[in-house]
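Me: I've got a model open and want to pick at some of the labels people hang on it. Mind if I ask how they're earned?

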Amino acid sequence: METREKIIIIGGGFAGLQLAKTLNNKNKKVIVLDKVNHHMFQPLFYQVACGRIEPSNISFPFRKIFQQSRNIQFRLTEVREIDAANNKVITDEAEFTYDKLVIATGCKTNFFGNKDLEGRAFGMKNTQEAIGIRNHVLMTFEKLIIEKSRSDDGNWNIVIVGSGPTGVELAGAFAEMKKEILPRDYPNMSFENLKIILISSTEKPLAVMSVEAQTQSEKYLKELGVTFLSDEYVTEYDGDKVIMKSGKEIPSNNVIWAAGVTGNVVDGFPQDKLNRNRYIVDRFNKIKGYDNIYAIGDISYMETPKYVQGHPQVANVAINQAKNLGKNLLKKSSDEWQEFEYEDRGSLATIGKHRAVVDLPFIKFQGFFAWYFWMFLHLMLILSVRNKLAVFFNWMWSYFNKDSSLRLIILPNKKNETVQ
């Protein structure tokens, strides 16, 4: 009887999950390792942070996803090290051997080595962080209604650092929350002094998109009352005030960092295998210097004639790299393998109701239709029919009522201290 090749996939994000689905019910033994038990639809984390949708609507348990699989296993564990010499993955609980290893660990918030920022500002790269933002911001409003004074100006400023799609979408959502929801939740309070401040290191928001998208998104932000600070760099945050390179200071107890990402590197590889904290791979996603170890998605760095500085760290690259590698792994001979080539299918972002920007290879458009296009695309990308319906219902409810019933403050339970 032929022994099945054993493939370990580290990470169940867009890349890892797509690879597992490509290898599903094939003649391979596949083990997926992840430190959380679910796949997360990251593009909608900002809606969790603003209380528009529930985390469960965009989170999918791996054991449910692979319930009908005959060859895929899932293990909940955190990877500590890769012992490439002995084909082992070392985790908190056990060691796993492999014939082939695929690293799909994605990326995390990049605080650029600033430990104070990392300790005090909120990132938004996982479900827990999105819930943490929701809890913290809602708790701020609860404090304000009790204090009934502006004794702490920091409570009145929500500062978002970074003007990529995440920062812009978050700023738009909080601006709409200020206008439509907070006055109804807190009828005895005035929110005129509540400021949504978006700090950008570039002249315009959405710097990676077209000039039309940049100009229109800035216009949308201003229409919503967002304060947009261009060409500014945050250097410090002490928990009370944001300090910028220009010398400007902004008091804030609510700072969300969306200014960049860096790879989730696993110990066990020398530094010459990395470029900007991403594993250097060839056109087949094989890590430089190894015959049986691959990296896909945000953690991989692949230079091609089209992308001489590596591919953008977006979901579409991750999904297509996973599909290509999966098809190659199923071929009988490596001579038949196909090199990866990425075709940019465009980018898009939404900045509040009826406001969105879309850049496609053949057309660029903004506004009402772009917003519907954004909604439809994201709805189709959500995994299950049940979750599609749940998100659609929440969006429709919010659309017609300009409200949401999901503003729950769920804090960790504090156990009582043992009585001496």
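Me: Why is Ser163 called buried?

Reply: Buried means under 20% relative accessible area with a 1.4 Å probe, protein chains only; exposed means over 50%, and partly exposed is in between. Ser163 has 10% relative accessibility, so it counts as buried. Bear in mind that this is a predicted model: local features need pLDDT of at least 70, side-chain atom pairs count only at pLDDT 80 or more, and totals for chains, interfaces and linings use all residues. Residues are numbered from 1 along each chain as its sequence is written, and side-chain values use heavy atoms, with hydrogens and water left out.

Me: What makes the link between the side chains of Ser163 and Ser200 a polar contact?

Reply: The pair sits at 2.8 Å. A polar contact is a pair of N or O atoms within 3.5 Å; within protein, one must be able to donate a hydrogen and the other to accept it, and residues adjacent in sequence count only if both atoms are side-chain atoms. The 2.8 Å pair therefore passes the distance cut-off. Ser163 itself is in the loop between strand 11 (157–161) and helix 6; helices (H or I, at least four residues) and strands (E, at least two) are DSSP runs, numbered from the N terminus.

Me: How do you know which residues touch Ser163?

Reply: Contact means heavy atoms within 4.5 Å. Skipping neighbours within four places in sequence, the partners of Ser163 include Val168, Leu198, Thr202 and Phe228.

Me: What makes helix 9 (residues 368–381) agree with its expected span?

Reply: The expected span is 1.5 Å times one less than the number of residues. With 14 residues, helix 9 should span 20 Å, and its end C-alpha atoms are 21 Å apart, which agrees.

Me: Why say that the buried residues of helix 9 line one face?

Reply: Those residues are Ala370, Trp371, Trp374, Met375, His378 and Leu379. Down the helix axis they fall within an arc of 165°, so they line one face; the arc is that of the directions from the axis to the C-beta atoms. An α-helix has 3.6 residues a turn, so residues three or four places apart point the same way. On the face turned away from the buried side, helix 9 carries the exposed residues Phe369 and Phe376. Helix 6 and helix 10 (385–401) are among the elements covering the buried residues.

Me: And what makes Cys50 buried?

Reply: Cys50 has a relative accessible area of 5%, under the 20% limit, so buried is the right label.
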